[in-house]
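Student: Could you take me through the charged side chains that pair up here, and how open each partner is to its surroundings? Then carry on to whatever sits around them.

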Amino acid sequence: MKFGTVKVKGQSQVVLVGEDHSRVLLLQAAAIQMGETIPTTLLECIAKGEVFLQKAKEIEEWASTQMNKSEYYADEFVWEAPIPRPTKNIFCVGKNYAEHAIEMGSEADIPEHMILFSKAPTAVIAHEGFIPLHEDVTDELDYEGELAVVIGKKGKGIKREEAMDYVFGYTIVNDITARDLQTNHKQYLLGKSLDGSCPMGPVIVSKSAIKNPNQMDIETRVNGEIRQQSNTEQFIFPVEEIIAILSKGMTLEPGDIIATGTPAGVGKGFNPPQFLQKGDEITIKVKGIGTLTNTVH
């Protein structure tokens with residue numbers, strides 16, 4: 001199942017998303033018609049875990065047999081990020097593809113231990129939202145297409161072999177980065193957390209729909225030109241290991257988002273670098289999830 005958050009008539013709604021993303025089912029409205037209830041935000045729904053997933057399946061089956069007023073089409077809604085305002089910073093894994101580590105430096109930059117940083121919740125924007133160019137603070141805005149993991153239940157000290165039990169699903173993140181700020185400040189937070197620098201979505205796909213998150217095709221295009229093309233089987237640290245390492249001494253909670261790293265082909269890796277310009281369209285496709293598209297404004 002694919003879940004999302006959209007605005008219909010100015011109201012945020014939790015939705016079940018059709019396969020081609022052109023149609024959504026308003027879960028709360030459909031639930032009311034059934035005489036049931038669900039939480040009003042996807043974050044709250046995720047916290048319900050299997051109870052919510054079962055309820056969503058029942059609503060989907062009921063709606064397929066009904067003439068109801070809970071379905072909307074693409075020209076009737078506006079996408080929001082699936083979790084419009086995460087409760088924590090987004091966890092991010094740096095240099096998780098060897099070729100990306102090399103393009104950012106050399107083979108010596110391939111990490112032995114996982115590199116971790118975060119992006120502020122205020123950076124999150126939706127599919128089809130505008131990415132600010134931030135001309136007043138950076139000359140080196142860059143893109144990074146990534147698979148992201150959404151945590152489904154609370155855990156600490158999670159064993160690698162049990163890690164998938166803590167996953168709710170998967171989405172797409174564009175880890176927009178101000179490279180000059182990243183360099184100048186000798187750390188990642190500021191260069192990664194500019195407003196609008198975390199496009200996310202358009203959907204969260206439940207983990208049952210993804211056979212193996214460590215074997216997913218990922219592609220990034222800028223203005224139609226392929227810039228990144230890889231598969232998550234190239235991860236240095238697979239999803240299970242990421243969750244195990246993050247949860248050592250730190251509690252993961254429902255709705256936590258983990259961006260798993262970007263493959264080679266970022267703008268900074270070109271000679272000369274190809275940083276983003278006003279009007280550029282970035283499209284990130286992850287097989288099994290969909291396509292995240294945003295324009296620099």
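Tutor: Let's fix one term before we look: a residue is buried when its relative accessible area is under 20%, exposed when that area is over 50%, and partly exposed in between. Keep in mind, too, that this is a predicted model.

With that cut-off, start at Lys 95. Its relative accessible area is 18%, so Lys 95 counts as buried. Its salt-bridge partner is Asp 109, and the closest N and O atoms of the two are 3.9 Å apart. A salt bridge here asks for a Lys or Arg side-chain nitrogen within 4 Å of an Asp or Glu carboxyl oxygen, and 3.9 Å satisfies that. The pair ties together distant parts of the chain, 14 residues apart: Lys 95 sits in the loop between strand E6 (90-94) and helix H4 (98-103), while Asp 109 sits in the loop between H4 and strand E7 (115-119). Asp 109 itself is partly exposed, at 28% relative accessible area.

Now try Glu 19 and Lys 2, whose salt bridge has its closest N and O atoms 3.6 Å apart. Here again distant parts of the chain are linked, this time 17 residues apart, with Glu 19 in the loop between strand E2 (11-17) and strand E3 (23-26) and Lys 2 in strand E1 (residues 2-8). The two ends get opposite labels: Glu 19 is exposed at 66%, whereas Lys 2 is buried at 10% relative accessibility.

Arg 221 and Glu 219 also make a salt bridge, with 2.8 Å from N to O. In this pair the Arg is partly exposed, at 31% relative accessibility, and Glu 219 is buried, at 16%.

Altogether the model has 15 salt bridges by this rule. Some of the charged residues join up in a network of salt bridges, made of Lys 119, Asp 142, Glu 144, Asp 175, Arg 179 and Lys 192.

On to an acidic residue and its surroundings. Asp 195 lies in the loop between helix H6 (189-192) and strand E14 (198-200), and at 46% relative accessibility it is partly exposed. Setting aside neighbours within four places in sequence, Asp 195 touches Thr 122, Ala 123, Pro 132 and His 134. By C-alpha positions, His 113 is 29 Å from Asp 195, with their places 82 residues apart in sequence.

One of those contacts, His 134, deserves a second look. Its phi is positive, about 55°, although it is not a glycine. You'll find His 134 in the loop between strand E9 (130-131) and strand E10 (141-142), where its 18% relative accessibility makes it buried. Lys 186 also has a positive phi, about 60°, and is not a glycine either. This lysine is in the loop between helix H5 (179-184) and H6, but at 71% it is exposed. For background, most residues other than glycine have a negative phi, and most peptide bonds are trans.

That brings up the cis bonds. Gly 201 and Pro 202 are joined by one, with omega about 0°, and Pro 202 falls in the loop between E14 and strand E15 (204-206). The bond from Asn 271 to Pro 272 is cis as well, omega near 0°; Pro 272 is in the loop between E18 and strand E19 (281-286).

What about covalent links between cysteines? There are zero disulfides. Take Cys 198: its sulfur is 6.6 Å from the closest cysteine sulfur, that of Cys 92, so no bond can be assigned there. Cys 198 is buried at 0% relative accessibility, and Cys 45 is buried at 0% too.

Finally, the helices. The axes of helix H1 (residues 27-34) and helix H3 (residues 50-63) come within 10 Å and cross at roughly 75°, which means H1 is roughly perpendicular to H3. From H1, Leu 27, Ala 30, Ala 31, Gln 33 and Met 34 meet Phe 52, Glu 58, Ile 59 and Trp 62 of H3. By class, that contact has seven nonpolar residues, one polar and one charged. Helix H7 (residues 239-246) is mostly covered, with six of its eight residues buried. Those buried residues include a charged one by name, Glu 240, alongside Val 239, Ile 242, Ile 243, Ala 244 and Leu 246. They pack against E6, E7, strand E11 (145-151), strand E12 (167-174) and strand E18 (257-259).

How values were computed: Residues are numbered from 1 along each chain as its sequence is written. This is a predicted model: local features need pLDDT of at least 70, side-chain atom pairs count only at pLDDT 80 or more; totals for chains, interfaces and linings use all residues. Side-chain values use heavy atoms; hydrogens and water are left out. Helices (H or I, at least four residues) and strands (E, at least two) are DSSP runs, numbered from the N terminus. Buried means under 20% relative accessible area, exposed over 50%, partly exposed in between (1.4 Å probe, protein chains only). Contact means heavy atoms within 4.5 Å. A disulfide is a pair of cysteine sulfur atoms within 2.5 Å. Axes are lines fitted to C-alpha atoms, for helices over the stretch in contact, and angles run from 0 to 180 degrees between N-to-C directions. Angles under 35 degrees count as roughly parallel, over 145 as roughly antiparallel, 65 to 115 as roughly perpendicular and the rest as oblique.
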